[in-house]
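Dear colleague,

Please find below the structure that I am handing over to you. A short account of what was found in it follows.

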Amino acid sequence: MSDVAVAFRDADGPMQADLLHCLDFMNGLPFFRAYKARTWDALEITGKKRILDVACGVGFDVIEMAKLFPRAEFVGVDRSESFLGVARSRAAHLPNASFFSGDAVRLPFPDDSFDAARIDRSLQHMTSPLAAIEEMIRVTRSGGRIVASEPDWGTFFLFNGNDEAGARMAGKWLESIANPHMGREIGQQFEKSGVEEICWRARALVLTRLYDANVVFDLPRLKKNCVAAGVLSAQEADDWQAAAERASGKGTFLACLNIFECKGVVRK
């Protein structure tokens, strides 16, 4: 059985509706809105700058930045036609927001087309994350900002009082991520690509409601996958669920993950 982590590699596949729900849910959570806003600040948007959002998904960041900076131009690119359809519909009232179909490793723009570029939680799913970063640099003018935010799944844990079962579930989820340690690796990828003035921030996502974790981490499918793979027995999965529900009701449930933001300056 697949899960949303695997499905994000082909967003136009059969789990399209699940992916849209997951993205919209996360974009409504205070944690995600706050760290995203900090990445927008890192782009140093002023005046009539032109900003690129790579693997823009349903366009949340492009739309929010376009509303905040009406004089600047914001461009999103994604290879998912279904996501782009949603993005274009939601941004129809914004003259400074536009969306293009394209692959992150072959961006459909000339060299030095943008003043800054960002990517958010997408390098983790890519076959060639370094190639995507190099493309972002190619289309960004010298002196422009590059910003990437990625989770590090080595920091992911689920806790309901049973460390062992939660650790096995977290380990199974990590198998679904193409580049599970992308969060810690962004800086070296930037350095290999010639990005300078590299800076870091880390943000801890802490979810205490089981419902939130179910959506963000696709826990119902994860439990089924664990049982199917022999990681958990059916009884262990049921016991984990019952304990998680009790802990969530008491405020002691935890689903935690670190997301790393890395920014730098393009020099050519």
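Contact here means heavy atoms within 4.5 Å. The model is predicted, so local features need pLDDT of at least 70 and side-chain atom pairs count only at pLDDT 80 or more, while totals for chains, interfaces and linings use all residues. Residues are numbered from 1 along each chain as its sequence is written, and side-chain values use heavy atoms, leaving out hydrogens and water.

Leaving aside residues up to four places away in sequence, Phe 253 touches twelve others, among them Phe 159, Leu 207, Leu 219 and Trp 240. Phe 253 is also one of the residues with the most contacts inside the largest nonpolar core, which has 43 residues. Such a core is a set of buried Ala, Val, Leu, Ile, Met, Phe, Trp, Tyr and Cys residues joined through side-chain atoms within 4.5 Å; buried means under 20% relative accessible area, exposed over 50%, and partly exposed in between (1.4 Å probe, protein chains only). A second, separate core of 25 residues includes Val 54 and Phe 190.

The whole structure holds 15 aromatic pairs (rings of Phe, Tyr and Trp, the last by its six-membered ring, with centres within 6.5 Å; planes under 30 degrees apart are stacked, over 60 edge-to-face, the rest tilted). Phe 25 and Tyr 211 are edge-to-face because their planes stand at 75°, with centres 5.8 Å apart. Phe 25 is buried at 17%, whereas Tyr 211 is partly exposed at 47%. Trp 153, Phe 156, Trp 173 and Phe 217 form one aromatic cluster.

With kind regards
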